[in-house]
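Reader: I want to know how the labels on this model were earned. Can you take me through them one at a time?

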Amino acid sequence: AVRRIKVMCAGRTDAGVHGINQVVHLDTDVARAPFSWVRGTNAFLPPDIAVQWAAVVPRHFHARNSARG
């Protein structure tokens, strides 16, 4: 079954500006290995967008509010 989830981005990019190292987080109860999140997410993204890595973070982490730079 497909579940809809809400993702939070650290910021936004304007047209023509790269999004390298854009940080995104999501809250889920689904347990998967980080490489499975990368491969699974990339399967649904257009060719010019790609997830490079994934990691489990502390519950208090927030992509936008925890950003340092």
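**Labels and their reasons**

Author: Start with the largest pocket of this predicted model. About 2000 Å³ of space lies in that pocket. It has 41 lining residues, and the closest to its centre are Val7, Val24, Leu26, Trp37 and Thr41.

Reader: What makes a residue part of the lining?

Author: Distance decides. A lining residue has an atom within 4 Å of a pocket point. β1, β2 (24-26) and α1 each supply at least two such residues. Helix α1 gives the most, with six.

Reader: Why is this space called a pocket and not a cavity?

Author: A cavity is a set of points where the probe fits but cannot get out, while a pocket is an open set. The space of about 2000 Å³ is listed as a pocket, so by that definition it is open.

Reader: Which elements does the protein have, and in what order?

Author: The secondary structure comes to one helix and two strands. From the N terminus on, the order is β-β-α.

Reader: Why is Ile5 called partly exposed?

Author: Ile5 has a relative accessible area of 46%. Buried means under 20% and exposed means over 50%. The value for Ile5 falls in between, so Ile5 is partly exposed. Ile5 is found in the segment before β1 (7-9).

Reader: And what makes Ile49 partly exposed?

Author: The relative accessibility of Ile49 is 45%. That also lies between the 20% and 50% cut-offs, so Ile49 counts as partly exposed. Ile49 is found in the segment after α1. The C-alpha atoms of Ile49 and Arg4 are separated by 19 Å. Along the chain, Ile49 and Arg4 are 45 residues apart.

Reader: How much of the protein is buried?

Author: Buried residues make up 6% of the 69 residues.

Reader: What makes Ile5, Val7, Val24 and Leu26 a nonpolar patch?

Author: Patch residues need over 30% relative accessible area, and nonpolar side chains are joined within 5 Å. Ile5, at 46%, is over that 30% cut-off, so Ile5 passes the area test. Together, Ile5, Val7, Val24 and Leu26 have about 310 Å² of accessible area. Val7, Val24 and Leu26 are also among the residues closest to the centre of the largest pocket.

Reader: How do you know how far to trust the prediction?

Author: Look at pLDDT. The mean for the protein is 85, and 91% of its residues reach 70 or more. Among the elements, β1 has the lowest mean, 83. Helix α1 (residues 34-42) has the highest, 95. Where pLDDT is low, predicted coordinates should not be read in detail.

Technical notes
Residues numbered from 1 in each chain as written. Predicted model: local features only at pLDDT ≥ 70, side-chain atom pairs only at ≥ 80, totals over all residues. Heavy atoms only, no water. Patch = residues over 30% accessible without salt bridge, like charges linked within 9 Å, V, L, I, M, F, W, Y side chains within 5 Å. Areas by Shrake-Rupley, 256 points an atom, 1.4 Å probe, with all protein chains shown as cover. Salt bridge = Lys/Arg side-chain N within 4 Å of Asp/Glu carboxyl O. Helix = DSSP H or I, 4+ residues; strand = E, 2+ residues; numbered from the N terminus. Buried < 20%, exposed > 50% of the residue type's maximum accessible area, 1.4 Å probe, protein only. pLDDT = per-residue confidence, 0-100. 1 Å grid on protein atoms, 1.4 Å probe; cavity = no way out; pocket = protein on both sides within 12 Å on 5 of 7 lines; lining within 4 Å. Points joined across faces, edges and corners; volume = space filled by probe spheres on them.
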